[in-house]
Amino acid sequence: MFFCVQVYKDPSKGELPLLPEEHVQDSAKDVTYICPFIGPVRGSLSVTNYRLFFRCTDREPVFGLDLPLGVLSRVEKIGAATSRGDVSYGLACKDMRNLRFVHKEPEDSLKKSVFEVLMKFAFPVSNNMSLFAFEYKQVFPENGWKVYDPLAEYKRQGLPNESWRISKVNDHYELCDSYPAALVVPVTITDEELRRVSSFRAKGRIPVLSWIHPESQAAVVRASQPMVGQNGRRCKEDEKLLQAIMDANAQSHKMFIFDARPSVNAAANKMKGGGYESEDAYQNAELVFLDIHNIHVMRESLRKLKEVVYPNIEDSHWLSNLESTHWLEHIKLILAGALRIADKVESGKTSVVVHCSDGWDRTPQLTSLALIMLDSHYRTIRGFQILLEKEWLSFGHRFQQRVGHGDKNHTDADRSPIFLQFIDCVWQMTRQFPAAFEFNEYFLITILDHLYSCLFGTFLCNSEQQRLKEEVPKHTVSLWSFVNSQLEEFVNPLYVGYPSHVLFPTVGIRHLQLWVTYYIRWNPRMRPQEPVHQRYKELLAKRAELQKRVEELQREAANRTASSSSERAGSPTRSITPVQTFV
Amino acid sequence: KHPDLLPGEVEFCSANPILKYTQDDLSQRGVFGTLFCTNFRVTFISDEKPQEKTDKTFKNKLYGENDIPLMCVDHIYGVYDEKRKLITGGLVKNKYPSKMIIHCKDLRVFQFSLTFSKEEDAKKIFQGIAHHCLEEKSLKCVFIWCWSHYSGCALFKASFPPVTQEDGDFQKHLDTMINAVAHNHLYSVKTEDLSESLPNIQDIQQSYNKFKQFFLIENSTDFWLSDVKWFSSLESSGWLDIIRQCLQKAVEVVECLEKDNTNVLITEEEGTDLCCVISSLAQIMLDPYYRTLMGFQSLVQKEWVAGCHAFLDRCNHLHQKDKEYHSPVFLLFLECVWQLVHQHSPAFQFSETYLTVLSDSVHVPVFSTFLFNSSHHRESVMKAESPLAQSGPLSCPTVWDWSVQFDSKAQNFFFNPLYLEKVKHDRAVRKPHKPKHQRNLSLPSTAFKTPPKKGFFKDETDSLKKMLRVKRLSRWRGSPDAPTATTREFFESWQHRPLDYHGLLLPCLDGPAVHIWMQRYLRWIPEVYILGGGSVAVMTKLMELLSQVQDLKRVLEQRDSSQAAKLDHRPYFQHRLLSFDSSGRLSSSFPFAYTCYRSFKPIIPTGLMQSLMVTDSLASQEDEASSVVSFV
């Protein structure tokens, strides 16, 4: 009924399922789960090194909970024990729910309660243990770590070419430790100049190419803020680099610099040495602020959203409550920003530079959304994986910090739902263009579930360099191994691969919706329905069956009347073309 | 150039050149042409050669995109020296405005500049339109059985004037009524006074007036300004809440019939407004026949047209000043049906396009269906008018004759390609559900269940009478926010059963599940057109696939049977209406608005900064909480 992650078995049936290298750490009977929808449920609770498993024993239909420990952000005792020795525990989750259990404390005070064991295994990093991803040794037919090869992806875009080269200046992550090893830069800029640019850009994140338009050669370039400071520092190599980016595109003598921040915040950054490109220093470049707020505002917005949707929804104030979270408004601003970038590249044929402060939060949101609009390759399942590997993982979105894998410090101000917000934007686009994406909603939900689960190595660490140092690809399984080994689960049957179609979504709030099947999926009344897809699949099966029968009959008829071909002239089967290849 | 007049249509006046503004931007661009006013419509004919039209598969034969049936005019505004004034009868004579803005009941907005034509022409056309659109024009029931559940219990509705004093006649009437129910149906009776628990028709009118303003968008600036407070604006209109309350009430009625097996009597003052809404909705939820196209039409005909809903007064066809009687009750019903269609689309044979067209047709004065206050009214008008007509009796087509408005190809859009048809052999079993048959079942021989509430039902009816006499009390009153726990349980237990699209159908009424009828309300607003997207992208694919399946079936049938006569006689729908090439360029507003004039450019929002002013300290914080600015 719900979208459950496939690697768990249905908790309502059978016993505790165990993955390879998963071991039960502790279990307890007579635990009560206070379900906000159906009331208290008694059952048994088990904790493994990967999951929490609760199964009720006294209820029809059988009720169960099965969640990876990675989704827990906080486990705490609520209040003191009651006179009967009952203690309540509250579990806050990263996936929009809170769980509450009541359990009798063991009389033997030396024995640890199951919840103490839970606290230890839920936050392995804080307890000097390794994440389960490093123990999980499942073998899948596909190796997801091979999905992204930067040079192959740049080659697909036609790079290197006469204007752009692939530089090895960051081969050992010396230029910038949060950037990938392979960088695409204009041919006219030397590695030495790049080094000087890196001291002028925050965290050394220099302007490099993300994507190039196959026809107009207009480029999407990403960077971090320039270290202008209060004194208006300049860097002639940086100015030269931006000029070279502009010159690489013969179609336009102009360039746009999109600063994702509100102008107020960008100006305030000057106090701390940062800032934005001045018009004097960068002639022919137009600076546009996109008014997207910082990670703290986004975290707060999601917190409010959780308050509004979980566990109960106030029906008659639903819309104003939703508005007061500003969540969809942030989504709108991000989509609007990406739309402006895509428009300048597609309609204006101009190159663009995108940055925020450090260039690892709002910047990948904007560039990857713009790339989805511009390049249909990124709307396929594998293309989307490449996009995530490239724009998010290799360019150093700080997943470890933003998600806080295995870390008990739930108040850490570095946590923020930036990636969730991006996936939400993608979901909004799939709603508006139901036939333009090869993947379905379940694919996006699976990605988010495993963002937190710590079962796969994909979203661990903060940068390519860290992942290499920790040998993540060697010791863990990639999420894409799991996904690509059962692709049919994630395919959108309505997909039509318009190859050169640019998607311009509508960003008005009127066309944005709350992603109910993700944010409110724990509410049993919000049953997700996908009748369209189901009906479509049925029709596809029906057509295949009929097609087969027609072919059989035709073969028979052909055999019987081999001489007379006139009979088949008007056969309507000519109109039957495979759906997937339609253009 | 003149418009193609319908039979009996007369042209009153015209003016040229008139500039019709294109709606999509602030630049005062537009198209020059002639504006006409006839006895049926206001129409604009462009001077420019009609552009190469995209295949207009959904053309309305009576009126096109530049036609406004007179009854469809909601308000007219005149712009005098940059100031916008609402035009009423009195203002007209003095001066004509430089610009005329017409708001339509189907939410289109037209803007015409009158400054380019000759003064007298401009004056004449403005006065003509204002006169013919705005001037006033000249021109009861007992309780009714609505539907019977297969268990034998039934749904009734009744008009119920407020009880002020002991009224002998009324008392007698009431006794007969209740005895009739009690005698014919072996179950207890629950009454529900809708005027107690639901908003009244003025509340509905007020709410809708507020609500529709959000969709009458004149330019981009308006659009983006109103986008900011979109959700709270919607909520403040209360329209979605009224929809929820109606559906909620209908679910309660369904629960009584389905779960408790009690008779239900719904009442209100006139018995022809909310009674129609609730009884029709309950029947759609209970009976799959009413989810077919024919079934739905017969339901509207039975409950609304024959059920004496005062269309003439409620829709304000005559533009009377007296606002007391206006109320979009029928539209409210269609809105509720749309919610059901939206949530359970495979259960309905008709599409949302059908509902949208039906909601528009209410304002096309050609059809007799929605013109009168009751069938009695219709008959008397038809009789009275007929001697005046030169030839024969006056005949108005009914709205159900869709060929008057659309050719058969366009009518295909009324069918929902997702509809799951009932497998044939089950039909025989279902038959007893049909109301016609049910009528004879009012004394069920098979269903001698003991009533859920024990006791002789005379007691029940006595107490009921008492209750009705003393005070109109609602048995299940509750605020819309807190539906009684039992109703919630009823929904949840239904939800746990496997979904049968040909069985009982209940809507989810939680806040996030109630949606805006996007097709109806957003279809004229270019800012929200999704080029190459929207549900049309899915529907065209489905239609295509469906037609391929049908083609294959036909091939097999032809080959299978030597007796070609045995071919299927069910209506054969042409689903191959659009090719994929075109679907890539169609906008989400298809089939209503055409975007041939629009270039393939994104709609960039303006005024974003106003939208989100985060004032708390978080906004000014650094991204890196513990950030040490690396200034090496």
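Trainee: Across the interface of chain B and chain A, how many residue pairs are in polar contact?

Mentor: The rule finds 19 such pairs, with both residues at pLDDT 80 or more. That confidence limit applies because this is a predicted model.

Trainee: Which helices of chain B supply at least two residues each to the side that touches chain A?

Mentor: There are several, among them helix 5 (220-228), helix 6 (230-237), helix 7 (239-260) and helix 18 (485-496). Helix 20 (535-560) is also on that list. Helix 20 of chain B gives the most, with 16 residues.

Trainee: What classes of residue make up that side of chain B?

Mentor: It has 51 nonpolar, 19 polar and 24 charged residues.

Trainee: How many residues of each chain are in contact?

Mentor: On chain B, 94 residues are in contact with 96 residues of chain A. The two chains bury about 8,500 Å² between them. Of that area, 61% is on carbon and sulfur atoms.

Trainee: What makes A:Glu323 and B:Lys229 a salt bridge?

Mentor: Take the distance first. Their closest N and O atoms are 3.8 Å apart. The cut-off is 4 Å, between a side-chain nitrogen of Lys or Arg and a carboxyl oxygen of Asp or Glu. The pair is one Lys and one Glu, and 3.8 Å is within 4 Å, so the pair counts as a salt bridge. Across this interface the rule finds five salt bridges.

Trainee: Let's turn to chain A. Which residue does UniProt list for "active site"?

Mentor: The unreviewed UniProt entry lists A:Cys356. A:Cys356 is in the loop between strand 14 (351-355) and helix 9 (362-374) of chain A.

Trainee: Why is A:Cys356 called buried?

Mentor: Its relative accessibility is 1%. Buried means under 20%. The value of 1% is under that cut-off, so A:Cys356 counts as buried.

Trainee: What does A:Cys356 touch, beyond residues up to four places away in sequence?

Mentor: Its contacts include A:Ser224, A:Asp259, A:Arg261, A:Asp361 and A:Arg362.

Trainee: Which residues of chain A does UniProt list for "domain: Myotubularin phosphatase"?

Mentor: The unreviewed entry lists residues 144-519. The end C-alpha atoms of that span lie 28 Å apart. The span is 41% helix and 9% strand.

Trainee: How do you know that A:Thr48 is buried?

Mentor: Its relative accessible area is 0%. That is under the 20% cut-off, so A:Thr48 is buried. A:Thr48 is in strand 2 (residues 39-48) of chain A.

Trainee: What makes the approach of A:Thr48 to A:Tyr50 a polar contact?

Mentor: The side chain of A:Thr48 reaches the backbone nitrogen of A:Tyr50 at 2.8 Å. The cut-off for a pair of N or O atoms is 3.5 Å, so 2.8 Å is within it. The side chain of A:Thr48 also reaches the backbone nitrogen of A:Arg51, at 2.8 Å. Leaving aside neighbours within four places, A:Thr48 is in contact with A:Leu16, A:Glu22, A:His23 and A:Phe121, among others.

Trainee: Is A:Gln421 buried or exposed?

Mentor: A:Gln421 is at 0% relative accessibility. The value is under 20%, so A:Gln421 counts as buried. A:Gln421 is in helix 12 (residues 418-432) of chain A. A polar contact of 3.1 Å joins its side chain to that of A:Gln365. Other residues in contact with A:Gln421 include A:Met298, A:Trp327 and A:His330.

Trainee: Back to chain B. Where does UniProt place the feature "binding site"?

Mentor: The unreviewed entry places it at B:Asn200 and B:Ile201. B:Asn200 is in the loop between helix 3 and helix 4 (201-213) of chain B. B:Ile201 is in helix 4.

Trainee: Why is B:Asn200 called partly exposed?

Mentor: Its relative accessible area is 36%. Partly exposed lies between the cut-offs of 20% and 50%. The value falls in that range, so B:Asn200 is partly exposed. A polar atom of its side chain lies 3.1 Å from the backbone nitrogen of B:Gln202.

Trainee: And what makes B:Ile201 buried?

Mentor: B:Ile201 has a relative accessible area of 13%. That is under 20%, so B:Ile201 is buried. Its contacts beyond four places in sequence include B:Asp273, B:Arg314, B:Tyr325 and B:Val329.

Notes. Residues are numbered from 1 along each chain as its sequence is written. Chains are lettered from A and ligands numbered from 1 in the order in which they are written. This is a predicted model: local features need pLDDT of at least 70, side-chain atom pairs count only at pLDDT 80 or more; totals for chains, interfaces and linings use all residues. Side-chain values use heavy atoms; hydrogens and water are left out. Contact means heavy atoms within 4.5 Å. Buried area is the accessible area (1.4 Å probe) that two parts lose on being put together, summed over both. A polar contact is a pair of N or O atoms within 3.5 Å; within protein, one must be able to donate a hydrogen and the other to accept it, and residues adjacent in sequence count only if both atoms are side-chain atoms. Helices (H or I, at least four residues) and strands (E, at least two) are DSSP runs, numbered from the N terminus. Ala, Val, Leu, Ile, Met, Phe, Trp, Tyr, Cys and Pro count as nonpolar, Asp, Glu, Lys and Arg as charged, and the others, Gly among them, as polar. UniProt positions are given in the numbering used here, feature names are shortened, and annotations may be inferred rather than shown by experiment. Buried means under 20% relative accessible area, exposed over 50%, partly exposed in between (1.4 Å probe, protein chains only).
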